[in-house]
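Subject: A structure for you to look at

Hi,

Here is the structure I promised to send over. Have a look at it first, and then read on for what turned up.

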There are 2 protein chains.
Amino acid sequence: MNELRRDPLLGRWVVVFKESLSPEEYVPPRETPVKGSCVICSQADTEEEVLGIRDEQGTPLVRVLRTDGSIFSSDVQLERRGVGMYDMMNSFGVSEVVLETPEHNLTPEDMGPEQMKRVIDAYYTRTLELERDDRIRYVMIYKNCGALSGDLCGHSHSFITATPIIPKRIKEELDGAKGYYGYKERCIFCDMMREEQRYGKRIILQTEHFIAYCPFATRFPFEIWILPRRHNCYFKEITEEERADLGFVMTDVIKRLRRVLNDPPYNFVFHSAPSKIPRRAQWHTLGEDFHWHIEIMPRVRRLTGFELGSGMYTLSTSPEDAAKFLKEVSYED
Amino acid sequence: MNELRRDPLLGRWVVVFKESLSPEEYVPPRETPVKGSCVICSQADTEEEVLGIRDEQGTPLVRVLRTDGSIFSSDVQLERRGVGMYDMMNSFGVSEVVLETPEHNLTPEDMGPEQMKRVIDAYYTRTLELERDDRIRYVMIYKNCGALSGDLCGHSHSFITATPIIPKRIKEELDGAKGYYGYKERCIFCDMMREEQRYGKRIILQTEHFIAYCPFATRFPFEIWILPRRHNCYFKEITEEERADLGFVMTDVIKRLRRVLNDPPYNFVFHSAPSKIPRRAQWHTLGEDFHWHIEIMPRVRRLTGFELGSGMYTLSTSPEDAAKFLKEVSYED
């Protein structure tokens with residue numbers, strides 16, 4: 001079992017692998033994933049299926065597999081302890097992988113909005129299920145696509161992890177949104193959405209339920225955020241109709257990104273308020289001031305010592321120019 | 001001139017390039033820097049030299065050049081303003097590059113501790129000089145080595161940037177150290193040093209003035225921190241004798257790292273307390289509770305959606321194992 005350790009200075013949790021890799025195992029990242037040795041395809045038969053979305057013939061279209069032990073282990077009791085002046089816990093939590101398409105070489109965006117909706121349905125169903133466990137404080141959904149984004153197999157897939165802690169990055173967002181709310185008594189995301197609609201030049205796409213745009217100040221050039229237009233802090237409260245719309249928006253936006261940057265490596269992450277802290281009654285506290293959203297980050301620039309050391313980032317393409325490229329591109333052949 | 005924009009949610013500053021790169025310009029990072037077209041060598045004749053350390057014949061051994069406009073520009077007045085709901089400022093600040101060796105193919109660690117000391121002397125002298133400007137609130141020293149660390153030329157060099165803001169990452173460290181100090185009335189770094197000396201297994205090297213070790217919970221596997229044994233929050237108060245010792249420690253540790261991981265890309269960053277906030281009189285406030293240090297981060301693993309989304313990190317080699325490899329390796333041929 002892996003262990004989780006807490007950086008005493010920054011309060012950041014780090015997963016330490018049970019079996020250390022030796023120096024020789026750190027090969028430079030491959031530019032192109034090796035298709036023959038797909039880890040995902042080989043797991044498909046051995047790991048426990050926790051969700052399967054099938055067509056009328058019973059062929060699985062989207063599957064979610066439990067991958068216990070990869071990062072987190074679900075079959076242990078949560079244990080926290082001190083080691084000298086440091087703090088650690090065991091790696092209690094849930095790791096799941098979402099097989100987004102039935103075939104190794106397909107992607108959901110190539111299959112179209114209906115397939116993308118099935119993937120979103122899987123995220124939604126698993127989030128509801130995982131949040132039932134009282135020990136779980138946060139469910140994170142994310143994707144690595146392309147070797148330079150950390151994806152090592154090339155089969156279109158994404159991850160769901162459920163942890164007994166609220167990740168540092170989410171905490172920072174919650175704190176930031178809370179600070180703004182405390183000052184303005186308005187949701188910062190709703191304000192940003194209105195500001196973007198007024199200004200217009202950073203918007204890529206608007207539908208009935210969503211807005212996709214390149215935010216004012218992001219970590220990566222061509223970074224895209226997708227926000228639901230209806231104020232809600234929880235992804236898990238997304239409606240059926242909204243999921244269908246989001247299927248279209250994600251398909252469209254990812255196709256645009258792939259066309260503009262020539263199939264770049266990218267990550268996306270769903271950000272939602274953690275649901276364990278009751279907050280309906282306390283309007284001002286953590287959560288009602290939050291607004292769930294998706295961040296899509298193309299990985300076309302390496303982080304340097306500047307970013308790692310300062311926590312500042314450099315945008316070599318302005319969000320306005322990036323949005324223009326993304327909006328104007330035609331991805332249909 | 002570039003512009004600086006503030007992420008309203010996280011309070012993170014982002015540098016937006018004046019001239020956007022077009023999508024075609026995002027070529028995948030080269031594995032090996034192109035030697036013929038060295039940006040550093042070509043800058044050596046055109047950019048203003050702000051410091052030169054020369055041998056008795058007048059041959060420059062270490063040079064520091066002002067690279068105005070690359071990220072920051074020193075010849076403008078600091079201006080802050082709002083744009084809609086967002087905040088921005090111009091890119092007032094100082095960008096300098098340190099040419100660490102006279103020849104394109106040399107590194108200071110290959111030249112030995114005396115050359116490394118000259119590089120550190122350059123950092124020291126420039127920090128003292130740059131901090132004289134009242135508008136400057138933080139001086140950051142960092143290095144990118146190897147294409148995958150963000151280094152695009154291959155000539156051994158490092159950077160000094162001086163900014164009118166305290167970078168987010170430094171602020172977080174100061175806050176973390178302050179929180180610990182408030183609770184324990186002890187410096188967290190001094191406590192960590194004692195803990196590491198007691199435990200022993202994460203230490204790579206100890207000298208009269210410094211300790212080099214793999215911390216309990218870091219961002220990257222094989223990450224190394226170098227701490228001065230004498231409590232001091234400011235790098236700029238390092239003595240001549242300590243600089244000589246640090247020259248040896250950095251030479252030794254970087255050689256170990258290069259041997260163990262087969263010349264990995266890496267970054268290092270100096271972390272110091274900002275000196276503009278008077279704090280001698282107020283023992284409890286920002287700064288006296290801090291302890292300057294160096295973080296060396298090998299870049300042998302890509303950050304994935306997990307790290308970018310959660311702010312958590314995965315260590316695929318434990319710090320204890322990493323320290324063992326680094327301690328036991330022999331780098332002399």
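In chain A, strand β7 (residues 94-99) runs antiparallel to β9(A), and six bridges join the two. If you want a pair to find on screen, E96(A) stands opposite I160(A) in β9(A). Please keep in mind that this is a predicted model.

Strand β9 (residues 157-163) of chain A has another partner to look at: strand β8 (residues 138-145) of chain A, also antiparallel, with five bridges. There, Y142(A) is opposite F159(A).

Is β9(A) covered or open? Seven of its seven residues are buried. In a regular strand, side chains alternate between the two faces of the sheet. Here both faces are covered, with H157(A), F159(A), T161(A) and T163(A) buried on one side and S158(A), I160(A) and A162(A) buried on the other.

Now for how the two chains meet. The contact uses 71 residues from chain A and 71 residues from chain B. On chain B's side, helix α4 (residues 168-184) gives the largest share, seven residues. By class, that side has 39 nonpolar, 18 polar and 14 charged residues.

The chains also share a strand pairing: β15 (residues 313-315) of chain A and β2 (residues 13-16) of chain B are parallel, over three bridges. Within this pairing, L315(A) has V16(B) as its bridge partner.

Finally, a turn of 180° with a shift of 0.0 Å along the axis lays chain B on chain A with an RMSD of 0.0 Å. The two copies are therefore related as by a two-fold rotation axis. They meet through the same surface, because 100% of the interface residues of chain B are interface residues in chain A too.

Enjoy exploring!

Technical notes. Residues are numbered from 1 along each chain as its sequence is written. Chains are lettered from A and ligands numbered from 1 in the order in which they are written. This is a predicted model: local features need pLDDT of at least 70, side-chain atom pairs count only at pLDDT 80 or more; totals for chains, interfaces and linings use all residues. Two residues are in contact if their C-beta atoms, placed from the backbone, lie within 7 Å. Helices (H or I, at least four residues) and strands (E, at least two) are DSSP runs, numbered from the N terminus. Ala, Val, Leu, Ile, Met, Phe, Trp, Tyr, Cys and Pro count as nonpolar, Asp, Glu, Lys and Arg as charged, and the others, Gly among them, as polar. Two strands pair if DSSP finds at least two bridges between them. Copies are superposed by least squares on the C-alpha atoms of residues with pLDDT of at least 70 in both. A residue is buried if 20 or more other C-beta atoms lie within 10 Å of its own, exposed if 12 or fewer, and partly exposed in between; C-beta atoms are placed from the backbone.
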